[in-house]
Amino acid sequence: MSAMPARDAVYEEGSRLEPFQVLTAEHALLRLQLSRALDAARHDPLGSSARKSLALLYDGFRLHQRREDLVMVPACERLFGGKDGAASVLREDHMAIREAFATAMAGPVGLAPVALQALENLRALLEAHFAREERVLFPLMTAHLAGREASDLARRLRTTRLA
């Protein structure tokens, strides 16, 4: 009987160490997709390849934001000062990033080139957001989460889908 609790403890501890693994992996994927959109914008005079790349990036960001909004932000609010604490910075980041996407995606799809400056602005916003999460928020939240709570958070982040 003692083997079962030990296995559960190992699972909990392993999950506790990386509850934000899925979000960090999504950051890497989003960076890659943005790089592809920038390359396409530089090399495609009509912008159709850039628009396709940007649409894939946008779809990926929507899922990522949904995971954060439904799972991470409520935990952040509980741990760090409610709606006006660290979670407010996440919400402001998300709003600015959505606005940058709208600017980058404006215009007739496939006819006008994607503005390189709009993509560079989007890159700067995404990088700042990812850096805040990866270097500050994820480590702080991980340090404050108990074993089962960290495991549950990790599971919910992995299973959240777009509506």
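Start at Y58, which is partly exposed, with a relative accessible area of 26%. Keep in mind as you look that this is a predicted model. A buried residue would have to fall under 20%, so the 26% of Y58 puts it in the partly exposed class. F101 is another matter: its relative accessibility is 1%, and it counts as buried.

These two residues belong together. By the distance rule for ring centres, the count in this model comes to three aromatic pairs. In one of them, the ring centres of Y58 and F101 sit 5.1 Å apart with their planes at 65°, so this pair is edge-to-face. Y58 lies in helix α3 (residues 48–79) and F101 in helix α4 (residues 86–105), so the pair ties together parts that are 43 residues apart in sequence.

Now bring in F61. The rings of F61 and F101 have their centres 5.5 Å apart, and with an angle of 35° between the planes this pair is tilted. Here too the link runs from α3, where F61 lies, to α4, where F101 lies, so it ties together parts 40 residues apart in sequence. F61 is buried, as is F101. Put the pieces together and you have one aromatic cluster formed by Y58, F61 and F101.

From F61 you can hop over to α2. L29 is found in that helix, and its C-alpha is 9.7 Å from the C-alpha of F61, although the two are 32 residues apart along the chain. L29 itself is partly exposed, at a relative accessible area of 45%.

What about the rest of α2? This helix covers residues 21–43, which makes 23 residues, and it reaches 33 Å from its first C-alpha to its last, close to the 33 Å expected at 1.5 Å a residue. Its buried residues include V22, L23, L30, L34 and L38, along with E26, H27 and Q33. Which elements help cover them? Among them are α3, α5 and α6 (147–159).

That leads on to α5. Its 29 residues should span 42 Å at 1.5 Å a residue, and the end C-alpha atoms are 40 Å apart, which agrees. Still, the helix has a bend of about 40° at E133. E133 is also one of the buried residues of α5, a list that includes L119, L122, L126, H129, F130, L137, F138 and M141.

R132 is in α5 as well. It counts as partly exposed, at 37% relative accessibility. Leaving aside residues up to four places away in sequence, R132 touches V89, D93 and L137. For V89, the C-alpha to C-alpha separation from R132 is 9.5 Å, with their positions 43 residues apart along the chain.

Towards the end of the chain, look for R161 in the segment after α6. Is R161 buried or exposed? With a relative accessible area of 52%, it is exposed. Even so, it touches L63, R66 and R67, not counting residues up to four places away in sequence. R161 and R66 are 95 residues apart in sequence, yet 7.6 Å apart in space, C-alpha to C-alpha.

Now zoom out. The chain has six helices and zero strands, so the pattern along the sequence reads α-α-α-α-α-α. Of its 163 residues, 40% count as buried. Contacts between residues 24 or more positions apart make up 83% of those with a separation of 6 or more. The accessible surface comes to about 8,900 Å², and carbon and sulfur atoms account for 60% of that.

Finally, a word on confidence. The mean pLDDT of the chain is 84, and 83% of the residues reach 70 or more. Among the elements, α5 (residues 116–144) has the highest mean pLDDT, at 93, while α1 (residues 3–17) has the lowest, at 45. The pLDDT is below 50 over residues 1–17, a stretch that has 14 contacts in the model beyond near neighbours in sequence.

Notes. Residues numbered from 1 in each chain as written. Predicted model: local features only at pLDDT ≥ 70, side-chain atom pairs only at ≥ 80, totals over all residues. Heavy atoms only, no water. Helix = DSSP H or I, 4+ residues; strand = E, 2+ residues; numbered from the N terminus. Buried < 20%, exposed > 50% of the residue type's maximum accessible area, 1.4 Å probe, protein only. Contact = heavy atoms within 4.5 Å. Areas by Shrake-Rupley, 256 points an atom, 1.4 Å probe, with all protein chains shown as cover. Phe/Tyr/Trp six-rings, centres within 6.5 Å; stacked < 30°, edge-to-face > 60°. pLDDT = per-residue confidence, 0-100. Expected span 1.5 Å × (residues − 1). Bend = angle between axes of the 7 residues up to and from the residue.
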